[in-house]
Amino acid sequence: MATGATPPNSYLEKGSGVAGRATLLMVVLLAVYIAVPRLVEQTFYAATRGRQRAESEAAARLLSDVNASRLSQGSQLVSARVAPSVVQVVTERAAPEWVDEDDLDEVAIPQGTDHGSGIVMDGDGYILTNYHVIEDASRCQVLLADGRQLPGVVIGYDALSDLAVIRVKASNLIPVVWGDSDELEVGSLVWAVGSPYGLDHSVTMGIVSAKHRAGKAGNVFQDFLQTDAAVNPGNSGGPLVDAQGRVVGVNSMILGYAYQGISFAIPSNLALPVYEKLKAGERVERGYLGVRMAALTPKDAVALGLATTAGVLVKGTADAGDTLDHLVPSPALRAGVKPNDVIVEWNGHRIEEPMELSLLVAHTAAGTIVPMTIIRDGSTMALKVHVGTRPEEVHRRRSIRG
């Protein structure tokens, strides 16, 4: 063999070395393939735990320092602020008419007793409550926060808004402070105070769940605040209070026969004007248009050549025989409104649905002249409406009350 020649086995050794290194590389890659995702996962979990730990520790510092104690203290202060101004209203009603007269000789039939709540409006004994609290009552007793029990006299009521004013012979009472319900936002904290099931001065807390629930409960003239503050029978007429201790609503209704997470309150900006009129001995007047109306359906819109269903379809107008005095035609009839007209604007406000028009008309002062826009046969027309006074109605619906 010549000097310097490669031994025959060296190629094998070299080949086996390459194969070994390749095998080792594959093992390393496999290990990395298996380990890296797990490492990444563990790193992610560790980072998440680190973030959560940091957030938890920060929350603990803030809670111990301010937030929790202030929230608790604030809730206590709200309760203390309004407590002297909330009363319990106890009413008695005569025995039911269906009781057999023969039974009266054998068993004394007790009078029905109902519980409600009320709000002290001024120091001279004027109290605001719900109409359905005192409706058909033969006797009314008011339990003041200072422990006195005094007879209450109904000064006035407005059935459509479900509000009433009672007066007790007392002085130097502590009145509530009224707030602006329009300033409330969905999610705002609120407190409900009242006497559910006769448990006086019960306080519950929640948030404003929704606003402008017009016609969703009650009647079309009630534009409710919806809350999740616990309200039960007996809370009716009590205040809904904001975080400053100001009354922003009058608790009035629930869905069902007991609290299910949904309650309704009359906004303060609707309740206060009604109270002022009732206290002054005045009738609460509402604007009156005098139309029978319906929501526009897609089929109606196509038939009338309209691009949208926004607006109110006029089904008819009240004639002279439909009005209170049986003499004067309805404001709509006098303004020239006809069946199949579509009302799209009232006094500068665009109209989307009948409920909206009903509220706008009701809150328009009788005797004023208001511009109204309609669409007739595809053409837009401007009319002038001399707003009338709504014929008096008695709203006696008493089911599903708070």
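Student: Where in this predicted model is aspartate 136 found?

Tutor: Look in the loop between α4 and β4 (139-143), where aspartate 136 is found.

Student: What is the phi of aspartate 136?

Tutor: Phi of aspartate 136 is near 60°, which is a positive value in a residue other than glycine. You can find another case at aspartate 377, with a positive phi of about 55° although it is not a glycine. Aspartate 377 has its place in the loop between β19 (369-376) and β20 (379-386).

Student: Why is aspartate 377 called exposed?

Tutor: Let's set the value against the cut-off. Exposed means over 50% relative accessible area, and aspartate 377 has 76%, so aspartate 377 is exposed.

Student: And why does aspartate 162 count as buried?

Tutor: Buried means under 20%. Aspartate 162 has 1% relative accessibility, so aspartate 162 counts as buried. You will see aspartate 162 in the loop between β6 (153-158) and β7 (163-167).

Student: What makes the approach of aspartate 162 to histidine 132 a polar contact?

Tutor: Their side chains come to 2.8 Å, and a polar contact needs an N or O pair within 3.5 Å, with one atom able to donate a hydrogen and the other to accept it. So this one is a polar contact.

Student: Let's turn to rings. How many aromatic pairs are there?

Tutor: The count comes to two aromatic pairs. Tyrosine 131 and tyrosine 157 form one of them, at 4.7 Å centre to centre with 25° between the planes.

Student: Why is the pair of tyrosine 131 and tyrosine 157 called stacked?

Tutor: The centres must lie within 6.5 Å, and 4.7 Å passes. Planes under 30 degrees apart count as stacked, so 25° earns that word. Tyrosine 131 lies in helix α4 (residues 131-134) and tyrosine 157 in strand β6, so the pair ties together parts 26 residues apart in sequence.

Student: How do you know that tyrosine 157 is partly exposed?

Tutor: Partly exposed runs between the 20% and 50% cut-offs, and tyrosine 157 has 44%, so that label fits. Its partner tyrosine 131, at 4%, counts as buried.

Student: What makes the pair of phenylalanine 224 and phenylalanine 264 tilted?

Tutor: The angle between the planes is 45°. That is neither under 30 nor over 60 degrees, so the pair counts as tilted. The centres are 5.6 Å apart. Phenylalanine 224 lies in strand β10 (residues 223-227) and phenylalanine 264 in strand β13 (residues 263-267).

How values were computed. Residues numbered from 1 in each chain as written. Predicted model: local features only at pLDDT ≥ 70, side-chain atom pairs only at ≥ 80, totals over all residues. Heavy atoms only, no water. Helix = DSSP H or I, 4+ residues; strand = E, 2+ residues; numbered from the N terminus. Buried < 20%, exposed > 50% of the residue type's maximum accessible area, 1.4 Å probe, protein only. Phe/Tyr/Trp six-rings, centres within 6.5 Å; stacked < 30°, edge-to-face > 60°.
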